[in-house]
Amino acid sequence: MAAILAFAESRNGELRKVAFETVVAARRAADAAGGEVHAMLFGAPGIASQAEALGRYGADLVTVVEHAALERYSPEVLAATLAQRLQGTDYRGAIFAASAQGRDLAPRVAAKLGVSLASDVTGFEFQTDAVTAQHPAYTGKLIVTLRLVGNPALLTLRPGAITPAEHPRTARIETAAPAMNPADARVTVTDLSARGSAKLDLGEATIIVSGGRGLRAAENFTLVEDLAAAIGNAAVGATRAVTDDGWRPATDQIGQTGRLVSPDLYIAVGISGAVQHLAGMRTAKTIVAINKDKDAPIFKVADYGIVGDLFEIVPRLTEEIRKARKEH
Amino acid sequence: MEMRFSLSGDGKSLDQGGLKYEIGDFDGYALEVGLQLVEKYGGEVVVISIGPDGVQETLRKGLAMGAARAVQLKADVVPFDGLAIARALSAELKDGGYDLVLFGRVATDTANGTVGPMTAELLDLPCVTSISELEILDGQGRARRELEGSAETMQFPLPAVLTIDEGIARPRLASLKGIMAAKKKPLEVKPAQLGEARLTVESMALPPERPPGRIVGEGADAVPELLRLLQTEAKVL
């Protein structure tokens with residue numbers, strides 16, 4: 001019976017949140033199309049300890065590829081091994097995250113197999129003769145419904161588009177060898193540097209507090225940071241205007257040329273809502289806008305808005321959230 | 001870049017009337033990287049584009065910025081399928097003669113980001129995607145790419161395929177002299193060997209309207225009500 005493959009992304013020996021999202025997405029596809037979910041996990045010896053967790057989210061089989069050289073990402077080894085697996089058997093589809101690694105890897109696998117790839121999809125459906133998928137394009141102004149024919153259909157799934165829920169089962173766990181000798185890889189990672197240490201990543205955060213020009217100066221970002229800290233598991237983002245001015249690092253930029261995010265809650269502070277920014281966050285489940293200009297475009301996409309001086313509103317919000325947290 | 005457009009009657013494509021083609025944001029960075037490398041090490045930059053004759057204007061802009069020559073792989077319609085585009089490019093590039101093939105990390109319009117690594121795979125060339133720093137020394141390259149919350153440095157031999165992220169180079173403006181010179185530079189037109197597209201557009205639609213939001217209130221006094229809505233209605237806090 002046809003199966004769906006999920007690429008279980010890891011870094012530094014740990015599964016990333018998007019690994020669970022791809023497994024849950026594959027579970028959904030397999031339940032619709034009939035068949036099993038097979039997850040593939042790569043890493044240095046020891047990564048097998050992570051395999052069981054994938055069963056909790058719906059993997060029937062986890063194939064673990066361990067090799068000392070896979071401590072860091074090796075695009076050529078992973079692409080060759082995934083392509084070999086997908087070629088050999090009757091896979092209906094393969095799902096990757098539209099993360100830095102998934103966006104790098106999936107096109108390589110697709111080209112090796114000579115199959116097409118729908119990238120950065122926010123939804124999909126496995127039908128009998130084709131797969132359809134929704135892909136935001138044209139600065140997020142249009143949702144393109146794509147139709148993919150041929151097996152396997154490859155997808156990269158926008159992080160946050162699916163909320164990982166548990167579908168517990170006891171996964172069978174097997175091991176496999178890389179399809180090529182890692183020593184023969186032409187492209188190698190020579191350095192992996194963590195940045196901002198334990199900072200919560202924008203793609204993994206369920207809540208994002210984001211700041212724009214309305215904050216007036218770099219140092220006023222403490223207001224945004226304080227609010228994120230009061231909420232707890234929240235990440236801090238910024239608009240392009242702010243990162244271009246050097247108030248925040250470029251990697252904090254949310255928008256067309258930055259990160260595309262879909263958190264449960266997005267709080268836009270002093271952000272007018274330029275189309276390029278909206279392209280990066282309009283798929284958030286709930287949007288809150290705080291802005292002094294009642295006609296700012298951000299209020300058109302916001303579920304809840306407060307018009308007024310952010311320098312009064314944000315500290316009050318931070319204080320009220322701290323109070324509420326203490327009461328519980 | 002601000003984009004204004006309308007959907008055509010079939011609901012699968014854009015109305016071409018009034019559409020203006022430009023070099024995509026990331027493609028501009030890629031071109032600038034190429035021009036800077038040529039200034040440093042010699043050689044030439046060739047710009048390639050796939051599409052109808054409208055892309056010639058874009059190619060001329062590349063020539064005006066400093067590319068030596070241009071190639072249009074002619075296709076009436078550019079397919080959405082990245083693999084079809086990669087096939088046409090790899091057919092054009094299969095005989096080598098270059099050190100680097102540079103792409104923008106993602107097209108501003110279709111937002112797929114797949115053609116670069118697919119072309120690399122079809123040409124069997126090393127590939128690093130989405131790079132924000134680049135060093136070339138003695139036939140070897142070193143590039144940095146940003147990940148979520150970290151960055152990795154990759155080493156690779158030339159020739160190679162790279163896709164370029166923001167932050168590496170700001171595209172130069174064409175000088176008047178460059179614009180004049182561009183008119184005389186060679187622009188070759190060949191048919192694009194796209195092959196069969198197996199990823200097609202079924203429909204295009206405006207994003208679902210977000211349910212109309214509401215202004216909770218004005219000023220800091222509205223904060224308690226906002227908090228109540230986030231907790232009890234949206235249930236996100």
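Two strands count as paired here if DSSP finds at least two bridges between them. Keep that in mind, because this predicted model has strand pairs that reach from one chain to the other, and the rule is what counts them as pairs.

Let's start with one of those pairs. Strand β18 of chain A, residues 304-307, runs parallel to strand β10 of chain B, residues 214-218, and four bridges join the two. If you want a spot to zoom in on, pick A:Val307, whose bridge partner in β10(B) is B:Glu218.

There is another cross-chain pair to look at. Strand β13 of chain A (residues 188-194) and strand β6 of chain B (residues 150-157) are joined by six bridges, and this time the strands run antiparallel. Here A:Asp191 has B:Thr153 as its bridge partner.

Now step back to the contact between the chains as a whole. On the chain A side 71 residues take part, and they touch 66 residues of chain B. Which element of chain A gives the most to that side? It's helix α4, residues 100-113, with eight residues. Sorted by class, the chain A side is made up of 34 nonpolar, 18 polar and 19 charged residues.

Follow β6(B) away from chain A and you come to its neighbour within chain B. Strand β5 of chain B, residues 140-146, is antiparallel to β6(B), with seven bridges between them. Two places to check are B:Arg145, which stands opposite B:Glu152, and B:Gln140, which has B:Pro157 as its bridge partner. The two strands make a hairpin with three residues in between, and in the turn B:Gly149 has a positive phi of about 80 degrees.

All of this belongs to a sheet that draws on both chains. Its six strands come in the order β13(A)-β6(B)-β5(B)-β4(B)-β7(B)-β3(B), and the sheet is open, with mixed pairing. At the edges stand β13 of chain A and β3 of chain B (100-104), each with a single partner strand, so each has one side without a neighbour in the sheet. On average, neighbouring strands are turned by 35 degrees against each other, direction ignored. Helix α4 of chain B packs on this sheet, where it touches β3, β4 (127-137) and β7 (160-164) of chain B, and its direction makes about 70 degrees with that of β4(B).

That helix also has a helical companion. α4(B), residues 115-123, packs with α3(B), residues 82-93, at an angle of about 50 degrees, and their axes are 8 Å apart. The two are therefore oblique to each other, and their crossing is right-handed. Among the residues that meet are B:Leu83, B:Ile85 and B:Leu89 from α3(B), and B:Met118 and B:Leu122 from α4(B). By class, this contact has nine nonpolar residues, three polar and one charged.

Over in chain A you'll find another open sheet, this one with parallel pairing. It has seven strands in the order β7-β11-β6-β1-β4-β5-β12. The edges are β7 (117-121) and β12 (172-176), each of which pairs on one side only. Neighbouring strands are turned by 20 degrees against each other on average, again with direction ignored.

Inside this sheet, take β1(A), residues 3-8, and β6(A), residues 91-97: they run parallel and four bridges join them. A:Ala6 has A:Ile95 as its bridge partner there. Helix α1 of chain A, residues 17-33, packs on the sheet and touches β1, β4 (37-43), β6 and β11 (153-157), with its direction at about 175 degrees to that of β1(A). α4(A) packs on the sheet too, touching β1, β6, β7 and β11, and its direction makes about 170 degrees with that of β11(A). You've met α4(A) before: it is the helix that gives the most to the side of chain A that touches chain B.

One last stop in chain A is a helix pair. α5(A), residues 221-231, and α9(A), residues 310-327, pack at an angle of about 15 degrees with their axes 9 Å apart. Why do they count as roughly parallel? Because angles under 35 degrees are classed that way, α5(A) is roughly parallel to α9(A). The crossing is left-handed. The residues that meet include A:Leu223, A:Leu227 and A:Ile231 in α5(A), and A:Val314, A:Leu317 and A:Ile321 in α9(A). In this contact, eight residues are nonpolar, one is polar and two are charged.

Note on methods. Residues numbered from 1 in each chain as written. Chains lettered and ligands numbered in written order. Predicted model: local features only at pLDDT ≥ 70, side-chain atom pairs only at ≥ 80, totals over all residues. Contact = placed C-beta atoms within 7 Å. Nonpolar A, V, L, I, M, F, W, Y, C, P; charged D, E, K, R; others polar. Axes fitted to C-alpha atoms, helices over the stretch in contact; angles between N-to-C directions. Parallel < 35°, antiparallel > 145°, perpendicular 65-115°, else oblique. Left-handed = near helix turned anticlockwise from the far one by under 90°.
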